[in-house]
Amino acid sequence: MRGRVNGGPGRAAKRCEEALMTAYVLVPGGHMGGWLWRDVVDRLRARGAEAYAATLTGMGDRRHLAAPATNLETHIEDLVQLIDHMDAPEVVLVAHCHGSFPALGAADRRPERVSRIVYVSAPLPMDGYSVHGLIREFEPDPAVRDRWRQRAEQAEDGWRIPSPSFDDAQARSSVAGVPAEALAQLVRLAAPQPLGTLTQPLRLSGAAAELPMSGVFCTGTGMSIAMVESLVRSGDPRFHVLTEPHVAFFELDTGHWPMLSAPDDLAGVLLRAAAGEGQRVTA
């Protein structure tokens with residue numbers, strides 16, 4: 001069943017005003033730097049919100065800092081330091097793809113500074129799982145699992161996963177709607193991913209468990225709110241969190257890279273998420 005997070009007109013207006021006063025920290029996923037969020041940052045700032053795009057160690061213009069020891073904890077600490085050095089009392093953490101893992105890790109360490117986590121076309125991180133561990137356990141397609149395993153086994157120098165080429169059919173479908181110029185930039189600026197950022201398990205204290213959370217599904221990837229409902233109906237207790245009152249969802253009719261294919265729509269969704277809007281799923 002679905003429900004909408006509601007409030008009266010006055011409360012909705014107050015939430016919208018608060019959303020514009022919110023500071024957004026935008027976290028890129030694998031192989032990408034903060035440059036990925038430029039269009040969304042511009043749109044959020046144009047509407048009066050603070051917005052900052054994070055570049056994690058080894059990515060973007062920090063790719064020269066990558067090392068065999070770069071792991072998930074490195075990326076978590078990157079975000080913790082960014083939050084600690086911001087003047088805003090609270091931030092909304094927005095994470096794309098596998099950026100959800102360091103984002104939740106940082107929120108777990110600074111829960112008093114995070115007002116909401118928004119996952120954009122991203123997996124739901126779980127305590128004790130790495131990105132690879134989550135794929136091994138929950139990815140139903142064996143071909144996808146094998147592809148992830150093979151990329152790890154073939155990592156350059158044993159610790160760097162080459163940047164994607166977007167040559168295979170699945171990769172091409174993920175960039176649906178991305179303009180040609182933006183796609184060329186995506187390929188040119190993608191960096192090798194340190195293996196440890198994908199294989200080190202996420203360790204959580206539970207401090208962020210009650211933080212408001214929003215999920216943004218890009219329906220062009222096959223993900224949807226209906227899939228959340230299916231997971232909840234499976235009865236797996238690990239998915240019960242998706243029915244909590246502080247969890248809400250949105251859908252965007254685009255591919256895996258909405259910050260490139262639909263930046264206006266994505267910026268609007270982020271403002272609505274910060275205002276407490278979205279669809280809820282109930283058990």
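A residue counts as buried when its relative accessible area is under 20%. The model toured here is predicted.

Select phenylalanine 217 to begin. With 12% relative accessibility, phenylalanine 217 falls under that cut-off and is therefore buried. Add phenylalanine 249, which is buried as well, at 4%. The two rings form a stacked aromatic pair, with 5.6 Å from centre to centre and 15° between the planes. Phenylalanine 217 belongs to strand β8 (residues 213-218) and phenylalanine 249 to strand β9, so the contact ties together parts 32 residues apart in sequence.

The structure holds 3 aromatic pairs. For another of them, select phenylalanine 138 and phenylalanine 239: their ring centres are 5.9 Å apart and their planes lie at 65°, so this pair is edge-to-face. Phenylalanine 138 sits in helix α5 (residues 131-138), whereas phenylalanine 239 is in the loop between α10 (225-233) and β9 (247-252); the partners are 101 residues apart. Phenylalanine 138 is partly exposed at 29% relative accessibility, while phenylalanine 239 is buried at 10%. Extend the selection to Tyr129, which forms one aromatic cluster with Phe138 and Phe239.

Next, display arginine 45 and tyrosine 52. Arginine 45 lies over the face of tyrosine 52, at 5.7 Å from the ring centre.

Finally, select cysteine 97 and cysteine 218. Why is the sulfur of cysteine 97 not bonded to that of cysteine 218? The sulfur of cysteine 218 is the closest cysteine sulfur to that of cysteine 97, yet the distance is 10 Å, too far for a bond. Both residues are buried, cysteine 97 at 12% and cysteine 218 at 1%. Across the whole structure, the search finds 0 disulfides.

Methods: Residues numbered from 1 in each chain as written. Predicted model: local features only at pLDDT ≥ 70, side-chain atom pairs only at ≥ 80, totals over all residues. Heavy atoms only, no water. Disulfide = S-S within 2.5 Å. Buried < 20%, exposed > 50% of the residue type's maximum accessible area, 1.4 Å probe, protein only. Phe/Tyr/Trp six-rings, centres within 6.5 Å; stacked < 30°, edge-to-face > 60°. Helix = DSSP H or I, 4+ residues; strand = E, 2+ residues; numbered from the N terminus. Lys NZ or Arg CZ within 6 Å of the ring centre and 35° of its normal.
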